[in-house]
Amino acid sequence: MADQLSLLLDSAERFPLPNGLRFSYGTSGFRSDGSVLGSTVHRAGIVAALRSLKTGSTVGLVITASHNPVCDNGVKIADPDGSMMDQSWEPFANALANAPDPNSLAQLVLQFAKDEEIPLGSGQSAEVLLARDTRPTGETLLEAAKQGISSIIGTVAIDMGILTTPELHWMVRCWNNGTKATESDYFAQLSNSFRSLMELAPHDNLNFDTVEKKLIVDGANGVGGSKLEEIKKNITSLEIDVRNSGKEGEGLLNEGCGADFVQKEKFAPCGFSLSDLGIRCASLDGDADRLVFFRLIPNSNNKIELVDGDKILSLFAIFIQEQLSLLEELPARLGVVQTAYANGAATDYIKNLGLEVIFAPTGVKYLHEKALEYDIGLYFEANGHGTILFSKEFLSQLDSVNRELSSKFPGSKKQRAASRLVVVTQLINQAVGDALSGLLLVEAILHNKGWSFQKWCNLYQDLPSRQLKVKVADRTAIVTADAETRVVKPAALQELIDIETAKYTHGRCFVRPSGTEDVVRIYAEAATQDSADSLANSVAQHVNHILGSDIKT
Ligand SMILES: CC(=O)N[C@H]1[C@@H](OP(=O)(O)O)O[C@H](CO)[C@@H](O)[C@@H]1O
Ligand SMILES: [Mg+2]
């Protein structure tokens with residue numbers, strides 16, 4: 001233990017906590033300006049090493065700030081099954097990130113190891129897979145993570161290189177399952193399962209004219225574009241044109257492009273023009289875990305028709321439900337998880353399909369957790385982050401139904417439905433929402449259904465909505481309940497929200513503190529855009545009065 005202590009102290013000495021800053025493991029890990037994150041990432045390395053020791057499995061650590069500006073960076077930890085680190089460890093991660101000096105850091109580690117019965121210093125080995133996105137501060141921060149990891153005796157850091165966030169999560173999951181886990185395995189799994197699903201399209205409802213072969217993808221000048229270039233080498237049935245791929249001269253990461261920009265601004269990203277009219281387009285975020293689709297609207301100054309996470313979710317739900325309806329021998333409890341940001345029209349649409357819809361607070365870790373409660377759990381945030389989870393029991397039943405049908409009724413409708421489901425389980429990234437795997441699944445489903453982009457858009461009409469953000473002195477003064485749909489503190493605020501909302505047809509409004517930015521977010525929905533804008537504005541004024549702030553859009 002003495003060796004362990006001196007190793008920790010020496011290592012922590014090299015990464016002092018910057019003066020006056022506090023770090024918090026928010027909705028999606030620690031995030032801040034990349035230049036001040038050395039100590040945080042070093043300490044996240046320690047947390048990851050301990051997590052690996054505790055679980056006796058490999059864990060992951062990824063350095064990224066997703067859709068945030070290029071100067072930002074961040075770090076998050078993946079658990080052995082590829083999901084986000086168990087939330088019960090977040091308070092420790094927070095305490096460690098803010099430990100004022102090496103001594104208190106070491107004491108926190110020793111105490112936590114004792115409380116959690118982590119075999120620290122026992123000779124047990126541990127492993128952390130590392131990855132980073134393309135941000136300029138990534139390389140230095142990766143070194144900080146490595147030093148944090150190696151300050152826990154017996155832990156090995158394995159650098160997997162520059163990856164999308166979902167690739168790293170996928171690798172951790174495969175590594176622990178003992179299945180192939182390299183990047184070329186990931187590419188092969190995606191392209192092979194995509195090809196298989198395309199080939200399983202019913203022969204009788206195909207109309208190749210309506211499903212355009214061409215897709216233009218905005219890579220947000222992040223890490224996803226170059227990965228898609230690799231995947232597309234093995235795909236012939238779809239013509240993919242990658243823009244904003246992060247190559248020299250193409251523009252800055254997430255600036256005027258990317259899924260966050262497209263979804264919030266409802267404008268075409270840079271690099272797109274009127275010559276792209278009529279073509280189906282998609283947009284990834286900087287670390288390729290979010291996905292939205294869009295199409296330019298003629299004569300509209302680059303405005304777009306948006307297909308957001310809610311509509312991707314609806315498409316996936318319809319497709320899975322359709323296959324299941326052909327397979328009465330395969331009963332499955334299907335559940336859909338959304339957040340309060342889901343458009344009311346989307347929720348109504350999914351409920352009308354006869355599906356169970358439940359709500360979770362913002363942040364995929366919360367949605368993922370709820371989706372695990374079903375045989376098939378589908379979850380999406382409106383901003384395009386989501387996936388489909390299949391329970392172990394369902395997967396094994398599906399496998400045996402598929403085998404039986406393949407031997408008894410090969411080529412039958414039922415057998416093809418079972419095969420489609422099998423392929424979906426291989427194409428979708430079950431570790432975490434993955435823009436690349438989601439994109440290929442969307443494309444294969446549109447092809448299977450013979451659906452044009454228009455048909456998909458027309459599933460339902462979104463209710464007009466408006467999002468605002470307000471900077472306040474202390475956003476933690478707002479406490480919410482019921483999956484963030486109600487403010488419980490300050491109570492007067494909820495009363496005012498209720499009074500404002502009641503003034504509008506189809507009015508809905510909620511307020512919550514962001515988990516990634518120092519702001520309070522306001523969301524409003526109503527029958528017309530003017531009403532949604534006015535509802536959001538009046539609630540923002542109330543937030544302003546009660547908490548003291550400036551309104552930002
Ligand atoms: C309204 C919104 O889009 N919120 C985003 C944003 O979280 P906030 O807690 O709202 O800042 O970033 C999260 C991480 O990417 C994402 O999960 C979430 O959906
Ligand atoms: Mg992201």
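# Worked exercises: salt bridges, a domain interface and a metal site

By the salt-bridge rule, the count in this predicted model comes to 32.

## Exercise 1. A salt bridge inside a helix

Task: Find where Lys264 and Asp260 lie, and state how their side chains meet.

Solution.
- Step 1. Locate the residues. Both Lys264 and Asp260 sit in helix α9, residues 259-265.
- Step 2. Check the spacing. They are four residues apart, about one turn of the helix.
- Step 3. Check the atoms. The side chains form a salt bridge, with 2.9 Å from N to O. The rule's cut-off is 4 Å, so the pair Lys264 and Asp260 passes at 2.9 Å.

## Exercise 2. The interface of domains 2 and 3

Task: Describe the contact between domain 2 and domain 3, from its area down to its residues.

Solution.
- Step 1. Set the bounds. The domain assignment gives domain 2 as 212-305 and domain 3 as 310-457.
- Step 2. Place the two parts. Their centres, taken over C-alpha atoms, are 24 Å apart. Domain 2 brings 21 residues to the contact and domain 3 brings 19.
- Step 3. Take the area. About 1800 Å² is buried between domain 2 and domain 3, and carbon and sulfur atoms give 69% of that. On the domain 2 side, Asp289, Leu291 and Phe293 supply 32% of the area buried against domain 3, more than any other three residues.
- Step 4. Look for polar links. Four residue pairs are in polar contact between domain 2 and domain 3, with both residues at pLDDT 80 or more. The rule finds one salt bridge across this interface.
- Step 5. Assign the domain 2 side to elements. Those giving two or more residues are β6 (214-218), α8 (224-232), β8 (280-284) and β9 (291-296). The largest share, five residues, comes from β9.
- Step 6. Sort the domain 2 side by type. It divides into 13 nonpolar, two polar and six charged residues.

## Exercise 3. The magnesium site

Task: Name the protein donors of the magnesium ion (ligand 2), and explain what the pair Ser66 and Asp287 ties together.

Solution.
- Step 1. List the donors. They are Ser66 (OG), Asp285 (OD), Asp287 (OD) and Asp289 (OD), lying 2.0 to 2.2 Å from the ion.
- Step 2. Read the spacing. Along the chain, the donors follow S-x218-D-x1-D-x1-D.
- Step 3. Place the pair. Ser66 is in the loop between β2 (59-63) and β3 (72-78), whereas Asp287 is in the loop between β8 and β9, so the pair ties together parts 221 residues apart in sequence.

## Exercise 4. Two backbone exceptions

Task: State what sets the backbone apart at Asn221 and at the bond joining Lys489 and Pro490.

Solution.
- Step 1. Recall the background. Most residues other than glycine have a negative phi, and most peptide bonds are trans.
- Step 2. Take Asn221. Its phi is positive, about 55 degrees, although it is not a glycine. Asn221 lies in the loop between β6 and α8.
- Step 3. Take the bond. Lys489 and Pro490 are joined by a cis peptide bond, with omega about -10 degrees. Pro490 lies in the loop between β17 (486-489) and α17 (491-501).

Technical notes. Residues numbered from 1 in each chain as written. Chains lettered and ligands numbered in written order. Predicted model: local features only at pLDDT ≥ 70, side-chain atom pairs only at ≥ 80, totals over all residues. Heavy atoms only, no water. Domains from an automatic or database assignment. Contact = heavy atoms within 4.5 Å. Buried area = accessible area lost by both parts, 1.4 Å probe. Polar contact = N/O pair within 3.5 Å; in protein donor to acceptor, adjacent residues only side chain to side chain. Nonpolar A, V, L, I, M, F, W, Y, C, P; charged D, E, K, R; others polar. Donors = N, O, S within 2.8 Å, 3.2 Å for Na, K, Ca; no water.
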